[in-house]
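Trainee: I would like to learn how to read the features of a protein model, one at a time. Could we go through it together?

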Amino acid sequence: MFSGWKFVETVFAALPLISAQVLVDFQVAQPPPVPSDVKTCTIKILERTFGNSYYDPEIVSYSTPTDCGTAGSWAAVTLNFTVTSNGTQYDRLGVFTFHNTEIWRTSTPEPTPDGIIWTYTKDVTHYIPLFAKPGTFLLELDNIVTGTLTGEYATTLYATFYAASNNNPTARQSNLIVPISTMSKTLANDASVPPAFSLNVTLPQNTVEIYAELYASGNGEEEFWYYNTADEYINDLPPGTTYGKGPFREVRLLVDGQVAGVAFPYAVIFTGGINPAVWRPITAYGAIDLPTYFLDLTPFTPVFADGLPHNVTIDVASASADRAINQNWYVSGLLQVVTDPSGERTTGQMITYNALPYATTQTFGSTDANGVNITVNAQHQIYIESMVVSGSGQSNHVIFEQNLNYTSTQYYLNNASTQNVAQISSGFVKSTHNGAPVVVDNFEYPLFINVTYLNVTDTLIKLSTSFDHSYNRQLSPAPFILTSDITERQLATGYFTISNAGNFGSGKNNNTFNYVDSEHNTYSRVVDAAMNKIVYNQESGSLAGSSSGMSWPVAPSSFSVPPARLPGGKGISNGS
């Protein structure tokens, strides 16, 4: 067992022994706001090199540590994931499942011939009810190794437990975490939709509060869902330009067929997406730690309190007439459950239910000699009100409401050689318990992309790209999770070439990131990269200092990589 962060120091101390051209990749994010003056205990959860690993996850048994207090009494828990790779390889999705519950969705940066390394530390304090008991831990990282795709991903995962103290008491937590998952014992527990994913969930009869967390990300024909075009206009574009079903997506959570809440998702761009050269060494925001979405299901407590199974469904809908999407999204979720200490059955009733099953949408556009322009708008308002009475006799007047908005305009110009997206998802999610705010999510996700194809033949694609991508979110996920305010803006530009002779590109990437939370922790960072090198890095705030002192090796400015994945699956003949 290691103490504190000795293992992190060991990893980076070894870097000078590696080739001077090893690339250190990272996603800009705040360091976890954990206590600095308490005893810590670090244990290795797993270590595995993922070569040909499809349908072959790493599955290990977890036991609670004994050196940092009684199980579950910790002030905080973090996971540290460190990965190295070299060769040529696509980015790969990674899913961490614990007690059949997804607790982290990640993806890999694409390696270089001389190698890459990245390490990310994630705060998992709100999952302490899972870490407080022995169980099965699973990491699925599906990878394929061939004569041309040579990269393997060597991974190590540690967990660090922070002992409680007088100044840092045991973290607030729910009484029970219930997975919304496939419950597989041999694979990651996320489900592929469509079709919709459903399972029956039974909660304790003394349940008084329920908080949902949703995981969702697009894959395959849905990876670039924001570039998909409305069905009404798909035939106005050259064949193979993009996929249909439009750019709007909402992730829905239903209880017994009734919509309990929805999420308008943030567009995560993986490191092989559109132009891999701009995501080195700084990944797009969310690529290594994908955002999740929080809903208050407490208005449904009187429903679940009968102690019988109730159907919970997760699906993803579009603005098309049939609400269908392409293949596929990966989804899962969990319920954080708070119970009443009396053990007596909860009673109450739902007073008001005002929720349309799907968002209200509008689609319009124009086609002329200059190109095709398509605009899709969407709105979804939800209002659910209940009175919940605990077995102890306490009444809770609960209101859950959402007001979400979406707008997207796509510009396909010059016979679709220029493809622009201007998209903004925004809105607020709010619940109150007896008038006091409990779950709050005020968000705005602007996304502006330009892709211009400079030369396209059967054996060559040259393109230029620019990205203006922001994540602005004031979030109070649940009473036992820290409230945070994040503003992140990423500007990236570059060129990329796909050819049978090799794939290569160049890019620049600027990140401006600010974080503050309800405990007055702060972190700000401005970091710029150009041609795979960090050219500016400035950190400040109470959480700063964990990476500013690192001496990071740099990679050559150009090297061959896998072909970029492009909207519509565009590619070249006989490409690798």
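Trainee: In what order do the strands of the open sheet of 4 strands run, and with which pairing?

Mentor: Please keep in mind that this is a predicted model. In general, the strands of a sheet pair through backbone hydrogen bonds, either parallel or antiparallel. Here the open sheet of 4 strands has the order β12-β17-β14-β15, and the pairing is antiparallel. The strands at its edges are β12 (197-201) and β15 (258-263), each of which pairs on one side only. On average, neighbouring strands of this sheet are turned by 20° against each other, with direction ignored.

Trainee: Over how many bridges do β12 and strand β17 pair?

Mentor: The antiparallel pairing of β12 with strand β17 (residues 310-317) extends over 5 bridges, and within β17 it is Asn311 that serves as the bridge partner of Asn200.

Trainee: Which residues does a disulfide join in this structure?

Mentor: A disulfide, in general, is a covalent bond between the sulfur atoms of two cysteines. The structure holds 1 disulfide, and this disulfide joins Cys41 to Cys68, with an S to S distance of 1.9 Å. The pair links distant parts of the chain, since Cys41 belongs to strand β2 (residues 40-50) while Cys68 is in the loop between β3 (58-62) and β4 (76-85), 27 residues apart. The torsion about the S-S bond of Cys41 and Cys68 is about 95°, and therefore the disulfide is right-handed.

Trainee: Is Cys41 buried or exposed?

Mentor: Cys41 is buried, because its relative accessible area is 2%, under the cut-off of 20%. Cys68 likewise counts as buried, at 2% relative accessibility.

Trainee: Why is the pair of Tyr445 and Tyr471 stacked?

Mentor: The idea is to look at both the distance between ring centres and the angle between ring planes, where planes under 30 degrees apart count as stacked. The count of aromatic pairs comes to 29. For Tyr445 and Tyr471 the ring centres are 5.4 Å apart and the planes are at 15°, so this pair is stacked. Because Tyr445 lies in strand β24 (residues 436-456) and Tyr471 in strand β25 (residues 460-476), the pair ties together parts that are 26 residues apart in sequence. Tyr445 counts as buried at 4% relative accessibility, and Tyr471 is buried with a relative accessible area of 6%.

Trainee: Over which ring does the charged end of Arg48 sit?

Mentor: The charged end of Arg48 sits over the ring of Phe50, 4.5 Å from its centre, and the charged end of Lys570 sits over the ring of Tyr453, 5.0 Å from its centre.

Notes:
Residues are numbered from 1 along each chain as its sequence is written. This is a predicted model: local features need pLDDT of at least 70, side-chain atom pairs count only at pLDDT 80 or more; totals for chains, interfaces and linings use all residues. Side-chain values use heavy atoms; hydrogens and water are left out. A disulfide is a pair of cysteine sulfur atoms within 2.5 Å. Helices (H or I, at least four residues) and strands (E, at least two) are DSSP runs, numbered from the N terminus. Buried means under 20% relative accessible area, exposed over 50%, partly exposed in between (1.4 Å probe, protein chains only). Two strands pair if DSSP finds at least two bridges between them. Axes are lines fitted to C-alpha atoms, for helices over the stretch in contact, and angles run from 0 to 180 degrees between N-to-C directions. Rings of Phe, Tyr and Trp (its six-membered ring) pair if their centres lie within 6.5 Å; planes under 30 degrees apart count as stacked, over 60 as edge-to-face and the rest as tilted. A charge sits over a ring if NZ of Lys or CZ of Arg is within 6 Å of the ring centre and within 35 degrees of the ring normal.
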